[in-house]
Amino acid sequence: MDQELNKLQSFTVEEFQTNFDNLMNRVENGECFIIKDGKKSAVIVPYRETIKYALDSLKPSVEDELIRLHTDHDEGS
């Protein structure tokens, strides 16, 4: 996600329910929020951000790629 979690605006479940249409429009326009219910919380993000995060998590990391370069070959023993 482009926004840092600690900088996200937060709402209680009740506030989110009361302002649902407005907040959902904001999410559809790229904003992210934290929804809190006592000790529990959830982050609401635009669908495209969720997909981007999921796809990025599938990409090999630089470390994975370096390990693959040094181990995925038939040279030496």
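**How the strands pair up**

Mentor: In this predicted model, strands E2 and E3 form a hairpin with two residues between them. Gly38 sits in the turn and has a positive phi of about 70°.

Trainee: How do you know that E2 and E3 pair?

Mentor: Count the bridges. Two strands pair if there are at least two bridges between them, and E2 and E3 have five bridges, in the antiparallel sense. So the definition is met, and E2 and E3 count as a pair. As one example, Phe33 has Ile44 in E3 as its bridge partner.

Trainee: What makes E1 and E2 a pair?

Mentor: Try the cut-off again: at least two bridges are needed. E1 and E2 (residues 33-37) have four bridges, so they pair too, this time in the parallel sense. Among the partners, Gln9 goes with Phe33 of E2, and Phe11 goes with Ile35 of E2.

Trainee: And what holds paired strands together in general?

Mentor: Strands of a sheet pair through backbone hydrogen bonds, either parallel or antiparallel.

Trainee: Why is the pairing in this sheet called mixed?

Mentor: Look at both pairs: E1 and E2 are parallel, while E2 and E3 are antiparallel. The three strands form an open sheet in the order E1-E2-E3, with mixed pairing.

Trainee: Why do E1 (9-12) and E3 (40-44) stand at the edges?

Mentor: Each has a single partner strand, so one side of E1 and one side of E3 are left without a neighbour in the sheet. From one strand to the next, the twist averages 30°.

Note on methods: Residues numbered from 1 in each chain as written. Predicted model: local features only at pLDDT ≥ 70, side-chain atom pairs only at ≥ 80, totals over all residues. Heavy atoms only, no water. Axes fitted to C-alpha atoms, helices over the stretch in contact; angles between N-to-C directions.
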